[in-house]
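Below are some notes on the annotated binding-site residues, set out point by point. Please read them alongside the sequence and the coordinates.

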Amino acid sequence: MSAQTRKKRIGVPDIRARKGGEPLVCLTAYDAPMAALLDPHCDVLLVGDSLGMAVHGMDTTIGVTLDMMILHGKAVMRAAKQALVVIDLPFGSYEASPEQAFASASRALAETGAQAVKIESGTYAGETVRFLTERGIPVMGHVGLRPQAALNDGGFRAKGRSQAERDRAIAEAKAADEAGAFAIVIEGVAEDLAREITTAVKAPTIGIGASAACDGQILVTPDMLGLFDWAPKFVKRYASLRDEVDAAVGQYADDVRARRFPEAAQTYEFKPSDG
Ligand code: KIV
């Protein structure tokens with residue numbers, strides 16, 4: 001088992017220092033009980049806007065709000081004691097201007113106590129990343145497949161098939177890096193492109209569906225735990241929670257219908273002396 005006991009929480013400089021070193025272990029977290037289980041194993045917990053799909057049953061991340069991110073961020077921060085906690089800024093909360101991004105990011109950090117924010121940093125976002133980092137807000141970038149761009153892209157599509165897509169992913173990563181991002185998520189690209197980006201930037205890269213050429217990996221936790229009947233092809237399922245929950249709840253339903261109520265053995269018996 002990989003659980004680690006650290007004296008203090010991992011900080012942004014610790015993550016930066018892992019470039020080219022021990023791979024960064026990262027997962028998404030949305031609530032306190034799961035954050036408590038993940039925390040001893042992970043370097044980074046991301047309160048991802050994937051919670052729109054993973055927790056709220058949405059089809060995309062487009063409808064996720066800053067208030068939702070803050071609510072889940074607070075829950076994660078109550079339980080995560082060691083990992084660096086990053087809050088994803090949702091669609092519509094940062095793209096209009098650096099000032100809008102600062103207002104959203106500062107609210108997210110002040111209200112949750114998390115250590116950093118992530119933005120899906122298209123090339124246009126370099127100015128925003130710089131504006132935030134110069135004002136004391138650590139920013140994680142996110143390039144390649146950017147789920148918040150799904151409407152424009154016609155869904156969740158891997159990036160890098162054409163030279164134009166490759167050039168764009170590299171330009172996005174360099175823009176975030178030069179503007180001061182402390183780490184960059186690379187999503188949905190082939191290994192050679194992930195390697196090219198990882199070599200081109202100073203910040204550690206964290207891959208999701210982007211091969212082992214990155215400086216670390218992140219997965220959507222319910223996907224790797226097998227909570228849903230579908231997961232992206234690149235995800236290894238380390239557990240089958242869906243099957244376990246289904247079997248456990250089925251057994252519970254059978255017990256109740258047969259009046260084998262689980263609490264039957266512990267039913268309170270009041271004595272006359274109890275008043
Ligand atoms: O929202 C999210 O969970 C993410 C990860 C997929 C990196 O952005």
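1. Asp-49 sits in the loop that runs between strand S2 (44–47) and helix H3 (51–54). Please keep in mind throughout that the model is predicted.

2. The UniProt record, an unreviewed entry, gives "binding site" for Asp-49, Ser-50, Asp-88 and Lys-118. These residues are spread over 70 residues of sequence but cluster in space, with a largest C-alpha distance of 12.5 Å. Asp-49, Ser-50, Asp-88 and Lys-118 are all named in the lining of the largest pocket.

3. A further "binding site" feature in the unreviewed UniProt entry is placed at Asp-49, Asp-88 and Glu-120. The set spans 72 residues in sequence, yet no two of the C-alpha atoms are more than 10.7 Å apart, so the residues gather at one spot. The lining of the largest pocket takes in Asp-49, Asp-88 and Glu-120.

4. Is Asp-49 buried or exposed? Its relative accessibility is 4%, and because the cut-off for buried is under 20%, Asp-49 counts as buried. Beyond its neighbours within four places in sequence, Asp-49 is in contact with Thr-61, Val-64, Met-69, Asp-88, Pro-90, Glu-120 and Gln-148. Two of those partners, Asp-88 and Glu-120, are listed with Asp-49 in the feature of point 3.

5. Ser-50 is also placed in the loop between S2 and H3. With 15% relative accessibility, Ser-50 counts as buried. Leaving out residues up to four places away in sequence, Ser-50 touches Thr-28, Tyr-30, Thr-61 and Val-220. With Tyr-30 there is a polar contact between the two side chains, at 2.7 Å.

6. Asp-88 belongs to strand S3, which covers residues 84–88. Its relative accessibility is 1%, so Asp-88 counts as buried. Outside the residues up to four places away in sequence, Asp-88 touches Leu-46, Val-47, Gly-48, Asp-49, Met-69 and Lys-118. Among these, Asp-49 and Lys-118 appear with Asp-88 in the feature of point 2.

7. Where is Glu-120 placed? Glu-120 is in the loop between strand S4 (116–118) and helix H6 (126–134). Glu-120 has a relative accessible area of 2% and is buried. Setting aside neighbours within four places in sequence, Glu-120 is in contact with Asp-49, Tyr-94, His-142, Arg-146, Pro-147, Gln-148 and Ala-149. Gln-148 is one of the contacts listed for Glu-120 and is also in contact with Asp-49.

Note on methods:
Residues are numbered from 1 along each chain as its sequence is written. This is a predicted model: local features need pLDDT of at least 70, side-chain atom pairs count only at pLDDT 80 or more; totals for chains, interfaces and linings use all residues. Side-chain values use heavy atoms; hydrogens and water are left out. UniProt positions are given in the numbering used here, feature names are shortened, and annotations may be inferred rather than shown by experiment. On a 1 Å grid over the protein atoms alone, a cavity is a set of points where a 1.4 Å probe fits but cannot get out, and a pocket is an open set with protein on both sides within 12 Å along at least five of seven lines; lining residues have an atom within 4 Å of a point. Helices (H or I, at least four residues) and strands (E, at least two) are DSSP runs, numbered from the N terminus. Buried means under 20% relative accessible area, exposed over 50%, partly exposed in between (1.4 Å probe, protein chains only). Contact means heavy atoms within 4.5 Å. A polar contact is a pair of N or O atoms within 3.5 Å; within protein, one must be able to donate a hydrogen and the other to accept it, and residues adjacent in sequence count only if both atoms are side-chain atoms.
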